[in-house]
Amino acid sequence: AHVLVRDLGLVPGNRVLLRGFNGRWMAAAWLATIKAGMVAVTTMPLLRAKELGVIIERAQCSAALCDACLLDELRQGTRHPLEAEAIRCWGHDGPDSLEALVKARATPFRAVATASDDVCLIAFTSGTTGVPTLLSINVTARVESVSKASRARSYIFLTLAMYCAGL
């Protein structure tokens, strides 16, 4: 969350594209985005440049957190390109890697207070029949959908959602 706010200069409500495989860094990127009061725009790793361009444009993304192995497709996919300075990647050894930037921020980030009707997640349909449809999910809906999941998963996700929402 420090990287989004201090390094990228984002504010609550900004939309952050998340591009990566399921794993700890993708989960951390999602949690940081929500904790900073921003909107996570999640994508699948199999999406290509053209599809990413539509998502970035329609969701009005201000920045992106991306697995380094998926960066080329992201850079090619922007009709209104995200500035190189607005993209941070994990999975490489450079001093500008998300891992290095996070390690440099030792202080905890205090979660932004959000309202129950604030949008926290934007997802898109596949778009196989035309332009992908945007689906926005607010904090309350996220908590409700999570509570319907399996008991163990719902406990973990509900805890994360409540923590992010400052409850």
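Confidence varies along this predicted model: among the elements of the protein chain, strand 1 (residues 15-19) has the highest mean pLDDT, 95, and helix 7 (residues 151-165) the lowest, 48. Here pLDDT is the predictor's confidence in each residue, from 0 to 100, while helices (H or I, at least four residues) and strands (E, at least two) are DSSP runs numbered from the N terminus. Over residues 142-155 the pLDDT is below 50, and beyond near neighbours in sequence this stretch has 12 contacts in the model, a contact being heavy atoms within 4.5 Å. For the whole chain, the mean pLDDT is 80, with 78% of residues at 70 or more.

Local features need pLDDT of at least 70, side-chain atom pairs count only at pLDDT 80 or more, and totals for chains, interfaces and linings use all residues. Residues are numbered from 1 along each chain as its sequence is written, and side-chain values use heavy atoms, leaving out hydrogens and water.

Now let us look at the strands, which pair if DSSP finds at least two bridges between them.

| Strands | Sense | Bridges |
|---|---|---|
| Strand 2 (residues 39-43) and strand 5 (residues 119-124) | parallel | two bridges |
| Strand 5 and strand 6 (residues 134-138) | antiparallel | five bridges |

Within these pairings, Val-41 has Ile-122 of strand 5 as its bridge partner, and Val-119 stands opposite Asn-138 in strand 6.
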